[in-house]
Amino acid sequence: MEKSTLKIYNSLKREKELFQPLNPPYVGLYVCGPTVYSDVHLGNVRANLTFDVVFRYLTHLGYKVRYVRNITDVGHLVGDLDEGEDKIAKKARLENLEPMEIVQRYTNGFHDVMQIYNILPPSIEPTATGHIIEQIEMVQRIIENGYAYESNGSVYFDVPKYNEKHPYGQLSGRKVDELLSGTRENLEGSSEKQSPLDFAIWKKADKGHIMRWNSPWGLGFPGWHLECSVMSTKYLGLTFDIHGGGMDLLFPHHECEIAQSVAADGQEPVKYWMHNNMLTVNGTKMSKSLGNSFLPHELIAGDHDLLEKGFSAMTTRFFMLMSHYASTLDFSNDALMAAEKGFQRLMNANKLLEKLTYDGDDNNYDLSQTKEIDDLLDQAFEHMNDDFGTPQCIARLFDLSKKINSYYEKQLSINDLNSQTFNRLKETFPKIIFDILGLKDESSGNDNGAMDGLMELILNIRKDARDKKDWDTSDKIRNVLNTLNIVVKDGKEGTNWTIN
Ligand code: ZN
């Protein structure tokens, strides 16, 4: 260890006043992002979709949400353990690539899949490698507060010491005594750890380890749990509102995050923890080793033994929202077929609603009809307010779809509503479907008619130019459209356009 290095890091102590909590209407949301060393699977899609709906709904309620979702690009070891190869470095070695090439490739892939499922990007997407200094500083604070020790160039979190004052395992309902008796790790002899429950917050890099940084303890890299503690509190404050992630991260990852924050800064970091549950396939846990896990493109193409056909990204999104995020979600061809029909029903109802016009009388309307629609809309929101109850919210949308069909088929009269409720239905029904649940109508070219509207505008501007004999402008518009593969044809009955 070089003393000069230590000095530099000591001078970089965190100034607490820089980390102000977000006050209402601001909400801080942190979600554990992917370790970017392999293709995104459907479990990742479910996790990110869960918190996409949280993000969308809180935004809808008028909160200003700062949504932080990290990219793990170092420190996550094979088997989620303290010993072993870095997942990214291993992939890089197998493919004969630079680790950052692996990181870039799978980060791009992750973003592509998120976009396909209409999952919004977070406000900040920090990377672990971009926060090495902050991680070293946090390790130092934990050591200074007496909750970590250095051992042979690595630094371990002292779980038994921490547990003397703070309940380790509280979030996941585990107790240190039980954890100790359940451990099979044999610490006699060569181990660097004082207790098998201790976990690495900084690991010494051996010679073959390519991803490594200088630190007060020598060349090494941060422990996997550390980055989330560092990046969440850096951007959201020492205590923030919501921390999300998959159920598989509850222990030890999130338990360790709490311990690190309390040990370093004396504060519980999170007000509300949210964990989405697992995916199962025909009742069995979805896993790569059982051969029943799906990649998004296999599902879309129907390229899997368990599928009879392909299912679109929006069908899958809808299917996932039909289960509560905290329940397991069972995947099967039949369940997807049913979801596809349901999704289509909802999209059709929305199209019919767009066509409905109102010619009623506010002095003479049907009170019970009006109340029924208002109640269904109210209930849709009440279910969302109750721990993001998307399945019940969707059930109310189906109730409303039936009503809309009846109005369209004239079994009921839309004019029986008062104008306020009619307008509310017109506005709110699509708002829930598209803005809050984040679904898209795949049949409409996904632009809700924006393309038609834009082309009409552009061709009107061109017509004005031609009427004024401004050939320069008119030719320029045509040429630019040509470069976009949009062909404009002037005929006797006006101007047409097509996409080549
Ligand atoms: Zn995390």
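## A walk through the predicted model

The protein's accessible surface comes to about 24,800 Å², and carbon and sulfur atoms account for 49% of that; areas here come from the Shrake-Rupley method with a 1.4 Å probe, and for residues only the protein chains shown count as cover. This is a predicted model, so local features need pLDDT of at least 70 and side-chain atom pairs count only at pLDDT 80 or more, while totals for chains, interfaces and linings use all residues. Residues are numbered from 1 along each chain as its sequence is written, and side-chain values use heavy atoms, with hydrogens and water left out.

**Overall picture.** The C-alpha trace spans about 85 × 60 × 55 Å along its principal axes. The protein has 17 helices and 13 strands, taken as DSSP runs (H or I, at least four residues, for helices; E, at least two, for strands) and numbered from the N terminus. Of the 500 residues, 49% are buried; buried means under 20% relative accessible area, exposed over 50%, and partly exposed in between (1.4 Å probe, protein chains only). Of the contacts between residues at least 6 apart in sequence, 74% join residues at least 24 apart, a contact being heavy atoms within 4.5 Å.

**Helix α15 and what comes after.** Helix α15 covers residues 419-436, 18 residues in total, and reaches 24 Å from first C-alpha to last, close to the 26 Å expected at 1.5 Å a residue. That expected span is 1.5 Å times one less than the number of residues. Buried residues in α15 include T421, F422, L425, F429 and P430. The buried residues of α15 pack against α2 (42-60), α12 (333-355), α13 (367-385) and α14 (390-408). After α15 comes G438, with a positive phi near 70°.

G438 also meets N118, whose side chain reaches the backbone oxygen of G438 at 2.9 Å. N118 sits in the loop between α4 (99-116) and α5 (132-144). Why does N118 count as buried? Because its relative accessibility is 17%. Leaving out residues up to four places away in sequence, N118 touches D52, R56, M314, R317, G438, L439 and K440.

**Salt bridges.** Side chains of opposite charge can pair when their charged atoms come close. Across the whole structure, a search finds 18 salt bridges, each a side-chain nitrogen of Lys or Arg within 4 Å of a carboxyl oxygen of Asp or Glu. Here are some that link distant parts of the chain:

| Pair | N to O distance | Separation in sequence |
|---|---|---|
| D265 and R141 | 2.9 Å | 124 residues |
| K351 and D441 | 3.4 Å | 90 residues |
| E372 and K403 | 2.9 Å | 31 residues |

D265 lies in helix α9 (residues 250-265) and R141 in helix α5; D265 and R141 are both buried. K351 belongs to helix α12, while D441 is in the loop between α15 and α16. K351 is partly exposed at 29% relative accessible area, whereas D441 is buried at 8%. E372 is in helix α13 and K403 in helix α14. E372 counts as partly exposed at 35% relative accessibility, and K403 is buried at 13%. Salt bridges with shared partners also join D52, R56 and R317 into one network.

**A greasy spot outside.** L454, L457 and I461 form a nonpolar surface patch with about 280 Å² of accessible area together. Patches are made of residues with over 30% relative accessible area and no salt bridge, joining like charges within 9 Å and nonpolar side chains (Val, Leu, Ile, Met, Phe, Trp, Tyr) within 5 Å. L457 is placed in helix α16 (residues 450-467).

Methods: A polar contact is a pair of N or O atoms within 3.5 Å; within protein, one must be able to donate a hydrogen and the other to accept it, and residues adjacent in sequence count only if both atoms are side-chain atoms.
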